[in-house]
Amino acid sequence: MYHLGLDIGSSSVKAALVDGRTGKCIFKIQKPENEMTIQAVKSGWAEQDPEIWWKNVCVAIRELLKKTDVDAKYITKIGIAYQMHGLVLIDKDGDPLRPAIIWCDSRAVNTGEKILEKVGKQKCTEHLLNSPANFTFSKLKWIKDHEPENYQKIFKFMLPGDYIAFKLSGKVNTTTSGLSEGIMWDFKNEEPAHWLFEEYDIDVSLIPEIVPTFSYQGKVSTKGASDSSLTEGTSIVYRAGDQPNNALSLNVTETGEIAATGGTSGVVYAVTDSSKTKEIIRINNFAHVNHSSSTPRIGKLLNINGTGILYKWLKDLLKVSSYEEMNNLAEKIEIGSQGLSILPFGNGAERILNNNDIGSHIKGLNFNIHNRSHLCRAALEGIAFAFVYGIDILKEEGLPINTMKVGNDNLFQSTILAETIASLTQSKIEVYNTNGAIGAARACILHENKWGEFRNMISKNDLVYTFIPRDPSDTYQMAYLNWKKQLEQILKT
């Protein structure tokens with residue numbers, strides 16, 4: 001008996017097959033090998049054809065089955081994780097009306113600001129726990145205002161994971177956590193924010209059916225089986241956005257537990273049982289995977305758009321063969337990169353900067369001193385400093401940060417990054433050998449409320465090592481304070 005996990009990112013699709021009894025990963029795969037294209041028709045836009053996600057899901061599943069020689073009939077359950085905040089629109093035939101507007105698209109920033117001004121900060125805080133900002137509802141409103149011909153044809157809107165579940169099963173549905181990440185969930189009344197839809201004359205019938213996060217959400221249809229090589233009737237039992245799912249994958253479900261990730265974007269995700277918040281712009285508050293009206297679990301998410309995307313840009317620019325080589329180059333340079341600083345904010349409007357889009361900056365470059373090793377070190381330090389800057393915002397919310405749990409992939413494979421964050425925040429960083437697809441596969445047992453078994457799967461299989469914070473030396477502090485001073489100067493201009 002096996003469980004299949006899918007993680008639909010903006011860079012790639014990951015798939016994992018795990019043993020349904022032990023949680024051990026049998027095989028994992030990523031498609032395509034090179035990153036999927038993000039279309040930028042205009043400055044600040046970011047779109048993808050949702051069919052590209054589906055194509056890579058099918059390719060990944062077929063190759064996974066071939067590599068493992070597992071008969072698809074022994075895969076009994078499917079879990080899905082996906083890039084958050086996207087907007088997919090389908091017509092009555094189930095066909096996408098336009099490319100998906102994905103998470104890093106900033107076209108709806110002004111739309112969200114106008115909604116906040118009209119509705120009022122107090123109501124948004126009490127009911128939505130967030131500013132509408134640049135999230136899915138604001139993107140839907142942008143479509144209504146700027147593409148009325150497409151708006152009139154909408155049958156349902158979806159989040160990216162909803163679309164993949166639909167392609168597998170033919171059923172259109174979503175989850176509470178999904179609606180909350182789109183800023184469409186009323187936490188005060190524990191229902192969709194119908195009043196928000198009515199305020200902006202957006203048809204509430206566009207909201208898909210709501211199913212529990214852990215539940216039988218649909219079964220693979222004849223068409224889904226034909227396309228994906230799965231067996232017809234295989235159950236979809238779990239769905240969550242990538243950051244709540246990442247937290248679940250690391251066993252972060254209760255108050256005070258914290259997860260972080262460093263992919264295309266960087267995220268710190270802290271769980272609390274309190275719906276009170278001071279910040280609704282720089283920090284976002286979503287229904288965690290185990291949230292309920294009787295037992296609230298709110299995920300406080302702090303996002304930095306320009307992290308892994310900076311490191312990839314630099315890798316391509318320097319024509320370096322691998323990220324490992326970049327990390328080795330960076331290790332040659334002392335803390336502070338000899339005065340060279342990089343601010344990694346070059347991937348659209350940054351929520352931690354109050355939705356300002358300041359672009360990325362290279363500061364203190366000296367042609368007589370600095371080389372590519374300095375650039376690699378400064379990039380890693382700049383990303384780490386952005387994490388620390390954001391963590392300070394979380395601390396202002398009253399959240400203790402003693403231990404962060406991260407996956408053993410992406411940026412946290414860099415010792416420089418992890419040690420810099422650990423030392424400046426004085427928190428341990430535990431590294432686990434897992435990813436979102438493995439977590440989504442293991443989560444397939446949770447619709448049966450097997451939380452104990454789920455946690456045992458993680459503790460037995462995953463912990464790799466722990467970064468213990470060094471003393472916060474003057475060198476670290478000086479480098480960070482120099483970086484922060486440069487950021488604050490830019491924000492003032």
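**Figure 1. Contacts of L196 in the predicted model.** Leaving aside neighbours within four places in sequence, L196 is in contact with I115, V119, L128, F137 and I183. The structure shown here and in the other views is a predicted model. L196 is also one of the residues with the most contacts inside the largest nonpolar core, together with F157 and L248. That core has 62 residues. A second core, separate from it, has 58 residues and includes I258, V320, L417 and F467. In soluble globular proteins, nonpolar side chains tend to be buried together.

**Figure 2. Helix α3 and its packing partners.** Helix α3 covers residues 121-128. Its buried residues are C124, T125, H127 and L128. These pack against two helices, α2 (109-119) and α8 (194-199), and against the strands β10 (185-186) and β17 (284-287). L128 appears again among the contacts of L196. Just after α3, L129 has a positive phi of about 65°.

**Figure 3. The aromatic pair F137 and F197.** The count of aromatic pairs comes to 17. In one of them, F137 and F197 meet edge-to-face, with 5.2 Å centre to centre and 70° between the planes. The pair links distant parts of the chain, as F137 belongs to helix α4 (residues 136-146) and F197 to helix α8, 60 residues apart. F137 and F197 are both buried. A pair of aromatic rings is described by the distance of the centres and the angle of the planes.

**Figure 4. An aromatic cluster and two charges over rings.** Ring pairs join F345, F385, Y389, Y480 and W483 into a cluster. Elsewhere, lysines sit over aromatic rings, including K156, which lies over the face of F155 at 5.5 Å from the ring centre. The charged end of K315 is placed over the ring of Y323, 5.4 Å from its centre.

**Figure 5. Cysteines without disulfides.** The structure holds zero disulfides. For C25, the closest cysteine sulfur is that of C444, at 13 Å, which is too far for a bond, because a disulfide needs the two sulfur atoms within 2.5 Å. C25 counts as partly exposed, at 25% relative accessibility. C104 is buried, with a relative accessible area of 9%.

**Figure 6. The cis peptide bond before P32.** The bond from K31 to P32 is cis, and its omega is near -10°. P32 is in the loop between β3 (25-31) and β4 (47-48). Most peptide bonds are trans.

**Figure 7. Positive phi at Q338 and N354.** Most residues other than glycine have a negative phi. Q338 has a positive phi, near 50°, and is found in the loop between α12 (323-331) and β19 (341-343). Q338 is exposed, because its relative accessible area of 51% is over the 50% cut-off. N354 also has a positive phi, near 60°. N354 is in the loop between β19 and β20 (361-363). At 43% relative accessibility, N354 counts as partly exposed.

Methods: Residues are numbered from 1 along each chain as its sequence is written. This is a predicted model: local features need pLDDT of at least 70, side-chain atom pairs count only at pLDDT 80 or more; totals for chains, interfaces and linings use all residues. Side-chain values use heavy atoms; hydrogens and water are left out. Buried means under 20% relative accessible area, exposed over 50%, partly exposed in between (1.4 Å probe, protein chains only). Helices (H or I, at least four residues) and strands (E, at least two) are DSSP runs, numbered from the N terminus. Contact means heavy atoms within 4.5 Å. Rings of Phe, Tyr and Trp (its six-membered ring) pair if their centres lie within 6.5 Å; planes under 30 degrees apart count as stacked, over 60 as edge-to-face and the rest as tilted. A charge sits over a ring if NZ of Lys or CZ of Arg is within 6 Å of the ring centre and within 35 degrees of the ring normal. A nonpolar core is a set of buried Ala, Val, Leu, Ile, Met, Phe, Trp, Tyr and Cys residues joined through side-chain atoms within 4.5 Å.
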